[in-house]
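Here are a few exercises to work through with the model open in your viewer. Try each one before you read the solution.

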Amino acid sequence: MPKLRELAPGLHQLPLDPIQAVNCYLIDYVLVDAGGKLDGKKILKALTGHTVTAHALTHVHPDHQGSSHRVCEALDVPF
C-alpha cells in the first residue's frame, strides 16, 4: 500500500508520480490537491487509516484537481 511521507508534524506528502512534480498533501485533516484524473485510486489507498475532513486546491491545473470529485465523493468530504 502506498504510504504517506511525513515532511513535518501534521504535513504528509502523498506518493504520486512523478514525486516532486505532482504534489498532493495531507495537512492535518485537509487533503490539498488531488493529482491527475487517474490518481484517485492511489490517493484513496494512501489515505486509508487517516482522517480527512475537507479537500482544498492550490489551483485548478489538471495535475492538481483531476481526482478531486472522486476523492470528495469516496470520503464524503466537502470541497
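**Exercise 1.** What radius of gyration would a compact globule with 79 residues have, and what does the protein chain have?

Solution. Keep in mind that this is a predicted model. Start with the expectation: for 79 residues, a compact globule should come out near 12 Å. Now check the chain, which has 11 Å, so the two agree. For another view of the size, take the C-alpha atoms along the principal axes: they fill a box of roughly 25 × 25 × 25 Å. Finally, look at burial: 35% of the 79 residues are buried.

**Exercise 2.** Work out the order of helices and strands along the protein chain.

Solution. Count up the elements, and you get three helices and five strands. Then walk along the sequence, and the pattern reads β-β-β-β-α-β-α-α.

**Exercise 3.** In which sense do strand E1 and strand E2 pair, and over how many bridges?

Solution. Find E1 at residues 5-8 and E2 at residues 11-13. They run antiparallel, with three bridges between them. For one facing pair, go to alanine 8, which sits opposite leucine 11 in E2. Next comes the connection: two residues separate E1 and E2, making this a hairpin. Glycine 10, in that turn, has a positive phi of about 80 degrees.

**Exercise 4.** Decide whether leucine 16 is buried or exposed, and list what it touches.

Solution. First locate leucine 16: it's in the loop between E2 and strand E3 (25-27). Its relative accessible area is 1%, and the cut-off for buried is under 20%, so leucine 16 counts as buried. Now for the neighbours. Leaving out residues up to four places away in sequence, leucine 16 touches Val22, Cys24, Gly35, Asp39, Lys42 and Ile43. Take lysine 42 from that list: leucine 16 and lysine 42 are 26 residues apart in sequence, yet 7.6 Å apart in space, C-alpha to C-alpha.

**Exercise 5.** Aspartate 28 and aspartate 33: which is buried, and which is exposed?

Solution. Begin with the backbone. Neither is a glycine, but phi is positive at aspartate 28, about 55 degrees, and at aspartate 33, about 70 degrees. Both are in loops: aspartate 28 between E3 and strand E4 (30-32), aspartate 33 between E4 and helix H1 (40-46). Now compare the areas. Aspartate 28 has a relative accessible area of 53%, so it is exposed. Aspartate 33 has 3%, so that one is buried.

Technical notes
Residues numbered from 1 in each chain as written. Predicted model: local features only at pLDDT ≥ 70, side-chain atom pairs only at ≥ 80, totals over all residues. Heavy atoms only, no water. Pairing = 2+ DSSP bridges. Helix = DSSP H or I, 4+ residues; strand = E, 2+ residues; numbered from the N terminus. Rg over C-alpha atoms; globule rule 2.2 N^0.38 Å. Buried < 20%, exposed > 50% of the residue type's maximum accessible area, 1.4 Å probe, protein only. Contact = heavy atoms within 4.5 Å.
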